[in-house]
Amino acid sequence: MEKSKVLVMGGTGYIGRRMVEASLAQGHPTFVLQRPEIGMDIEKLQMLLSFKAKGATLVEGSFADHKSLVEAVKKVDVVICTMSGVHFRSHNLLMQLKLVEAIKEAGNIKRFLPSEFGMDPARMEDALEPGRVTFDEKMVVRKAIEEANIPHTYVSSNCFAAYFVPNCSQLGTLTPPKEKVFLYGDGNVKAVFVDEDDVAAYTIKAIDDPRTLNETVYVRPPENILSQRQIIEMWEKLTGKKLDKSSISAEEFLVSMKGLDYAGQVGVGHFYHIYYEGCLTNFEIGEEGEEASKLYPEVDYIRMDEYLKRYL
């Protein structure tokens, strides 16, 4: 079967650049939106040029120019948007509504994958303020996609490993703890951790798969369904050093939200749902979705004990 032509929006971003690399690696004609807004950001420009050198096609377009978006979309079969939705970087999820309008007008897209790549927003109706804005806005985008009858796939890839694993899930840092670590409750609630390159590999696999059309794909590799305590034990085994552990109750954790800036409050809310409520693992996928590692067993996903070795 002929490989779909893929346009990546946000191709210089944290997940976007991995989508570009995975698309090229899997043999798709790959297009990357080059936005004039990058201005003097030399690093983004050089990354775009590196994609071009590897075979990608750069397409000029702007979310401020509807016609340019339509023209970009017309060149491809599949659009993947990786626009950031985290408040400590940038939060632009509703800009995708402009992309939905462009896809609707172009009328040629076989599959649209909006910027999701985290918790399934459809399961977060009771999320805490202010963090629920992330899920509410993703659902606004979903509603627009479905009302426009745009073929789509939603990807729920759970916890990006780099943000949750080396730091043993400690807020405010990305590096491993040296002496002590805080446990959320008893630390035994299960979550799902996925290497970011594996997220991209699974996503690109899904774009031409009829089984994933108008479905949610959950990236839930079975050996990476782990508790915070298991992550800590992995690190202790690798380093040969025990960490001093202190438990934080759910009540204490929520109280810690007071006095934090907006991004900090969002982060505490999301951590609460993951580590106290178990929102990533407290449901069966069932008929309303597909699990990526079952669909694509050929992807040799990275296990978290291997992932942690990078930080030794």
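**Notebook: rings, a helix and a small sheet**

I started with the aromatics in this predicted model. Ring pairs tie Phe164, Tyr184, Phe253, Phe271, Tyr272, Tyr275 and Tyr276 into one cluster. Across the structure I get 12 aromatic pairs.

I then picked out the pair Tyr14 and Phe160. Their ring centres are 6.1 Å apart with the planes at 55 degrees, so I noted this pair as tilted. The two are 146 residues apart along the chain: Tyr14 is in the loop between S1 and H1, while Phe160 belongs to strand S9 (residues 159-160). Are these two buried or exposed? Tyr14 counts as buried because its relative accessibility is 17%, and the cut-off is under 20%. Phe160 comes in at 14%, so Phe160 is buried as well.

Next I went back to the cluster for Phe164 and Phe271. The ring centres of Phe164 and Phe271 lie 5.3 Å apart and the planes meet at 20 degrees, so this pair is stacked. Again the pair links distant parts of the chain, with Phe164 in helix H6 (residues 161-164) and Phe271 in helix H10 (residues 262-275), 107 residues apart. Both Phe164 and Phe271 are buried.

I also looked for charges over rings. The charged end of Arg18 sits over the Tyr14 ring, 4.6 Å from its centre. Arg303 has its charged end over the ring of Tyr301, 3.8 Å from the centre.

Arg18 took me to helix H1 (residues 16-25), which is mostly covered, with 7 of its 10 residues buried. Arg18 is on the buried list itself, along with Gly16, Met19, Val20, Ala22, Ser23 and Leu24. What do the buried residues of H1 pack against? I found strands S1 (6-9), S2 (30-34) and S4 (78-81), plus helices H2 (42-53) and H7 (196-206). After H1 comes Gly27, with a positive phi near 85 degrees.

I followed H7 to Thr203, which is found in that helix. Thr203 is buried, as its relative accessible area is 1%. Leaving aside neighbours within four places in sequence, Thr203 is in contact with Met19, Ile80, Leu113, Phe117 and Val155.

Last stop was a sheet. Here 3 strands form an open sheet, ordered S8-S12-S15, with parallel pairing. Strand S8 (153-156) and strand S15 (289-291) are the edges, each pairing on one side only. I noted an average twist of 25 degrees from one strand to the next. S8 pairs with strand S12 (residues 215-218) in the parallel sense over 4 bridges. For Thr153, the bridge partner in S12 is Glu215.

Methods: Residues are numbered from 1 along each chain as its sequence is written. This is a predicted model: local features need pLDDT of at least 70, side-chain atom pairs count only at pLDDT 80 or more; totals for chains, interfaces and linings use all residues. Side-chain values use heavy atoms; hydrogens and water are left out. Two strands pair if DSSP finds at least two bridges between them. Axes are lines fitted to C-alpha atoms, for helices over the stretch in contact, and angles run from 0 to 180 degrees between N-to-C directions. Buried means under 20% relative accessible area, exposed over 50%, partly exposed in between (1.4 Å probe, protein chains only). Contact means heavy atoms within 4.5 Å. Rings of Phe, Tyr and Trp (its six-membered ring) pair if their centres lie within 6.5 Å; planes under 30 degrees apart count as stacked, over 60 as edge-to-face and the rest as tilted. A charge sits over a ring if NZ of Lys or CZ of Arg is within 6 Å of the ring centre and within 35 degrees of the ring normal.
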